[in-house]
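Got the viewer open? Here is a short tour, stop by stop, with something to select each time.

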Amino acid sequence: MASTEVGYEINWNLLKLALQSGLRNLPATIELTVFGMAISLTLGLLVALVRYYRLPVLSQFLTVLLTLLKGTPAMLMLMMVSLIYSSNIMKIIQYFNLNIKPADINMIFLGILVLSLFTMPGTSEAFRGALLSIDKIQFEAGYAVGLTTGQLLRTVIIPQVIPTAMPMLMNLLVAAFKASALVYTIGIVEVMYGSLEPCAQYYQYLEGYIAAAAIFWALSILMTCFGNWVTHTVRIEKSEGSV
Amino acid sequence: MLELEHVKKSFGRLEVLKDVSLSVQTGEVVVILGPSGSGKTTLLRCINFLEKADAGKLTISDHTINLYHAKRNEILNVRKKTAFVFQNYGLFRNKTALGNVALGLMVSRKIPKAEALQKAREALDWVGLSDKYDSYPSQLSGGQQQRVGIARAVALNPEVILFDEPTSALDPELVGETLEVIKRVAKTGITMVVVTHEMQFAKEVASHVVFMEDGYVVEEGSAEDVFSRPKEERTRQFLSRIIQPEYSI
């Protein structure tokens, strides 16, 4: 018994619309990923240094914080941050006597904040692992020529840490890019949100998800290639550092 | 010029330096000898605070500081007056030979870049590495790396250079070229403290010899005296085992 009935008819026109709408919002997704990663890398490096040098109190505090962050699902973190935000934003506006409405504020910064918190345990561990892999003699040689710790980190250690951590950082970049799709659940307009937007009129959502998936696939492949290129180009031998 | 008084250092329960005092005059080449584990290297590392001594005083060019309670800027000052040549070369992996020599000049000594690079080139020429300016440590042999290490120390124009077993990690064939360079450094009249196991070399360069064992200085004196007329039985024993008139199988 052959059935000619197809469960779901793809609406090609809708798929095209969804792709167009998704691509229009690609800059927002890239903004989320790039700024989220930039903050995550900066914080991650600082956290790694604090933990590497075992600064009292701060180091223990950060270890606990990282454990909590690692154990929090991204979705949960997003919901919590957005709830805390929406229940306090009116108070903040009133307190500072600002002449804006909550709806006027672009929520993208919340997405950036959550993405950077979500990837931070990963980036800081990548940096810490790379720091731990550096031979003690690199530090001693720097001190012996009269460098301060700051100068040593800037000119010798960090230039060696970055190439070592690069493969892991590139993986995290792709992970952050994919995780950025979650922020559409709190109403931030990006690729996912954009792709689903035209679907609402048709009550047909599969096209929207396929369009979003296609965009994420394409970009992930590009990013992976970029990551491989960076990993092979950035080498300790070429990483001069600032002088 | 450089004086150490009552230096003590323990690693956990192990007392490596029990009570060591040492005096180095300007222009002297002091060679520290002794069996493994006698504390030679630790003593050297305590001088520029790569190791923090538990007690003791250091006087360098009329400046006395407490080795245990030294402040950060005092430590930095001592490090700027000294240079260190490591057993395992300790070259910066992310810098070329030229960058390795120039880094300390530019960043620590604040010498302008062009001048620092010029000094670095001269130092590398002097150790016979004119063709290796742009080579990274990973592209150099052990002997070449160690010569870069020596150039780095000499270029800083320090008051004293500390050598920590500079040839121990080298392939036997490369020991000679490195020792030749160190002899050239000694001839310039710069003050040196050398920890080594190369007895022949020690005899050639030393003006003063210190024999250490078990965290104490057992004997010290002019190179001539210690090598030919050791006073202590232990020194005699050590030297007789190491320096044999001829090798026989």
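Before the first stop, one term: two residues are in contact when they have heavy atoms within 4.5 Å. Keep in mind, too, that this is a predicted model.

**Stop one: α3 and α4 in chain B.** Select residues 97-108 of chain B, which make up helix α3. Then add helix α4, residues 113-126 of chain B. From the α3(B) side, B:Ala97, B:Leu98, B:Val101, B:Ala102, B:Leu105 and B:Met106 do the touching, and their partners in α4(B) include B:Lys113, B:Leu117, B:Arg121 and B:Leu124. Colour this contact by residue type and you get 11 nonpolar, no polar and three charged. The two axes come within 8 Å and cross at roughly 130°, so α3(B) is oblique to α4(B). The crossing of this pair is right-handed.

**Stop two: on to α5.** Keep α4(B) and add residues 142-155 of chain B, helix α5. The axes of α4(B) and α5(B) lie 9 Å apart, at an angle of about 130°, which means this pair is oblique. Here B:Ala123, B:Leu124 and B:Trp126 meet B:Val148, B:Ala151, B:Val154 and B:Ala155. What kinds of residue make up this contact? Seven nonpolar, no polar and no charged.

**Stop three: where the chains meet.** Now show chain A as well. Contacts link 28 residues of chain B with 24 residues of chain A. About 2,200 Å² is buried between the chains, with 60% of that from carbon and sulfur atoms. Finish by zooming in on the one salt bridge across this interface: A:Glu140 pairs with B:Arg45, their closest N and O atoms 2.6 Å apart.

Note on methods: Residues are numbered from 1 along each chain as its sequence is written. Chains are lettered from A and ligands numbered from 1 in the order in which they are written. This is a predicted model: local features need pLDDT of at least 70, side-chain atom pairs count only at pLDDT 80 or more; totals for chains, interfaces and linings use all residues. Side-chain values use heavy atoms; hydrogens and water are left out. Axes are lines fitted to C-alpha atoms, for helices over the stretch in contact, and angles run from 0 to 180 degrees between N-to-C directions. Helices (H or I, at least four residues) and strands (E, at least two) are DSSP runs, numbered from the N terminus. Angles under 35 degrees count as roughly parallel, over 145 as roughly antiparallel, 65 to 115 as roughly perpendicular and the rest as oblique. Ala, Val, Leu, Ile, Met, Phe, Trp, Tyr, Cys and Pro count as nonpolar, Asp, Glu, Lys and Arg as charged, and the others, Gly among them, as polar. Buried area is the accessible area (1.4 Å probe) that two parts lose on being put together, summed over both. A salt bridge is a side-chain nitrogen of Lys or Arg within 4 Å of a carboxyl oxygen of Asp or Glu. A crossing is left-handed if the near helix is turned anticlockwise from the far one by less than a right angle, and right-handed if clockwise.
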